[in-house]
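Work through the exercises below with the sequence and the model in view. Try each task before reading its solution.

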Amino acid sequence: NSIFAKQRKGKLVLRIEDTDRNRSKLEWENMICDSLKWLGLDWDEGPDCGGPYGPYRQSERGDIYRKYAEELLDKGAAYRCFCTSEELGEIRAAQRAAGSPLGYDGRGRDLSEAEIQANLDAGKPYVIRLKVPRPGTTTVNDALRDPIDFDNGQIDDQILLKADGMPTYHLANVVDDYLMKISHVIRAEEWISSTPKHVLLYDAFGWDKPVFMHMPLLRNKDKSKISKRKNPVSINYYREAGYLPDAILNYLGMMGWSMPDGEEKFTVEDMLREFSPERISLGGPVFDVQKLTWLNGLYLREESSDALLATIKRELLSDEKLAQVVPLVHERMEKLDDFISQTAFFFIGDLSYDEAAMKAMVPKKRTPKDARANLEALVEKIDTLGELTTESAKASLDAVMEENGLGPRDILLPTRIAVTGTKASPPLFETMGVLGKEKVRRRLRNAIAALKALPS
């Protein structure tokens with residue numbers, strides 16, 4: 001998106017899509033912005049810098065979405081659905097029993113005006129759904145693919161406005177893209193199946209559509225989709241693990257695209273000069289951390305010693321980082337060089353676990369399967385946190401013990417070994433807080449994978 005906009009002298013818009021209140025927190029927004037800025041990816045309009053089409057947080061645009069939802073109701077392109085959660089559950093249960101595709105069955109789309117008014121008078125809550133024209137076909141034009149036809153009978157009457165007045169992705173993005181004068185929507189190919197709903201919305205409003213370009217998803221070596229459950233997907237993780245922003249940008253630029261001469265090491269400026277959508281491959285690029293590490297090494301060796309020293313001090317051994325770590329080992333040190341051996345795990349990325357460490361992660365009278373399940377419960381809990389602190393680390397472990405009927409021995413030592421690589425470390429909760437969410441959850445998942453090597 002950044003390269004495409006700059007090449008065409010356009011504007012890159014950063015919009016915060018935070019209508020899901022349970023999954024949206026200001027600290028997560030800040031993390032996104034900080035990560036992008038660290039990479040050197042900047043934007044022309046956004047919540048921090050403003051612009052002519054703000055506000056740029058969807059949570060602040062509720063009145064706009066309600067206005068346009070009402071317009072769709074007036075046009076007959078949408079309808080109020082008064083189905084309760086129990087009714088929706090019954091629909092899904094019946095569909096499962098019949099082996100039918102899951103989805104709303106449209107029972108509320110043909111209510112009479114009298115029925116609608118009676119429900120409104122009774123104060124029944126409702127959502128607003130898209131009224132998909134049936135029968136019919138909707139065609140999605142994608143700049144990277146041949147036109148794709150969708151049978152309208154297979155398109156769900158998607159919720160546009162929820163009962164709490166908040167929009168879903170579909171309504172909010174179509175309205176925002178139109179009002180913000182977005183010319184090109186470049187997003188992941190997993191959104192292709194939703195695009196016919198967006199096409200129908202553009203048609204219902206009578207608006208011109210943007211150009212859609214759906215990029216190939218990044219894949220693991222086994223071609224499975226990259227996900228946070230298996231992979232470090234946060235830019236913060238790679239920053240903390242010692243990767244350089246230029247190397248990451250270079251590697252991401254290779255994902256689904258290649259330089260005309262096949263060169264693998266290139267700058268953003270090179271890509272600005274050479275990029276063309278015609279060279280995008282849809283084959284599912286493989287994200288290989290080993291390849292990224294090799295490329296990162298090239299960039300590191302190109303830096304002068306003075307520049308490398310400055311980078312190490314800024315990214316790994318900053319005064320701020322050392323101030324967090326020193327108090328945790330102060331009372332354990334007898335010589336200055338004890339600091340190195342006692343704190344190395346704070347400053348590196350992944351850990352390795354030998355057989356003794358893996359066996360130590362399995363509590364007495366428990367199996368490796370039990371140990372994996374306990375660590376999985378913990379990492380699921382940590383995934384929901386905005387940030388990992390001493391307090392939230394303790395609360396997460398306490399919650400896992402209470403919810404799963406575990407004692408301290410079932411979870412504390414396995415967690416300590418998983419996140420530090422050793423049985424003896426500084427205080428566990430404080431250590432987890434300093435390591436941070438990205439490193440801790442990555443190490444917990446690596447430990448879970450390592451435990452699979454032990455006989456169950």
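**Exercise 1.** Decide whether L385 is buried or exposed in this predicted model, and describe its surroundings.

Solution.
- Step 1. Place the residue: L385 sits in the loop between α16 and α17.
- Step 2. Apply the cut-off: buried means under 20% relative accessible area. L385 has a relative accessibility of 17%, so it counts as buried.
- Step 3. List the contacts. Leaving out residues up to four places away in sequence, L385 touches W28, S392, S396 and K437.
- Step 4. Set sequence against space. L385 and S341 are 44 residues apart in sequence, and their C-alpha atoms are 30 Å apart.

**Exercise 2.** Check whether the length of helix α18 agrees with a rise of 1.5 Å a residue, then find what covers the helix.

Solution.
- Step 1. Helix α18 covers residues 408–420, which makes 13 residues.
- Step 2. The expected span is 1.5 Å times one less than the number of residues, so α18 should span 18 Å.
- Step 3. The end C-alpha atoms of α18 are 17 Å apart, which agrees with the expected value.
- Step 4. The buried residues of α18 are D410, I411 and the run P414, T415, R416, I417, A418, V419 and T420.
- Step 5. The cover over these buried residues includes α14 (338–347), α15 (355–360), α16 (368–383) and α17 (390–404), together with α19 (428–435) and α20 (437–451).
- Step 6. Look just past the helix: G421 has a positive phi of about 80°.

**Exercise 3.** State which residues of helix α9 are buried and which helices they pack against.

Solution.
- Step 1. Helix α9 spans residues 245–253, and its buried residues are A247, I248, L249, N250, Y251 and G253.
- Step 2. These residues pack against α2 (26–39), α8 (235–240), α10 (268–274) and α11 (289–302).

**Exercise 4.** Trace the pairing of strand β2 and say which way its side chains point.

Solution.
- Step 1. Strand β2 runs over residues 127–130; V127 and R129 point one way, while I128 and L130 point the other way. All four named residues are buried.
- Step 2. Strand β1 (residues 78–81) runs antiparallel to β2, and four bridges join them. C81 has V127 of β2 as its bridge partner.
- Step 3. Strand β5 (residues 159–161) also pairs with β2 in the antiparallel sense, over two bridges. Here R129 stands opposite I159.

**Exercise 5.** Find the covered and uncovered faces of strand β3 and its pairing with β4.

Solution.
- Step 1. In β3 (residues 137–140), T138 and V140 form the covered face, and T137 and T139 form the uncovered face.
- Step 2. Strand β4 (residues 148–151) runs antiparallel to β3, with four bridges between them.
- Step 3. One facing pair is T137 and D151, the latter in β4.

**Exercise 6.** Summarise the whole protein: its elements, extent, burial, contacts, surface and charges.

Solution.
- Step 1. The protein has 20 helices and seven strands.
- Step 2. Along the principal axes, its C-alpha atoms fill a box of roughly 80 × 60 × 40 Å.
- Step 3. Of the 456 residues, 45% are buried.
- Step 4. Among contacts between residues at least 6 apart in sequence, 71% join residues at least 24 apart.
- Step 5. About 23900 Å² is exposed, with carbon and sulfur atoms supplying 51% of it.
- Step 6. There are 65 positive and 72 negative side chains, and the centres of the two sets lie 4 Å apart.

Note on methods
Residues are numbered from 1 along each chain as its sequence is written. This is a predicted model: local features need pLDDT of at least 70, side-chain atom pairs count only at pLDDT 80 or more; totals for chains, interfaces and linings use all residues. Side-chain values use heavy atoms; hydrogens and water are left out. Buried means under 20% relative accessible area, exposed over 50%, partly exposed in between (1.4 Å probe, protein chains only). Contact means heavy atoms within 4.5 Å. Accessible areas come from the Shrake-Rupley method with a 1.4 Å probe; for residues, only the protein chains shown count as cover. Lys and Arg count as positive and Asp and Glu as negative; His and the chain ends are not counted. The place of a charge is taken as NZ of Lys, CZ of Arg, CG of Asp or CD of Glu. Two strands pair if DSSP finds at least two bridges between them.
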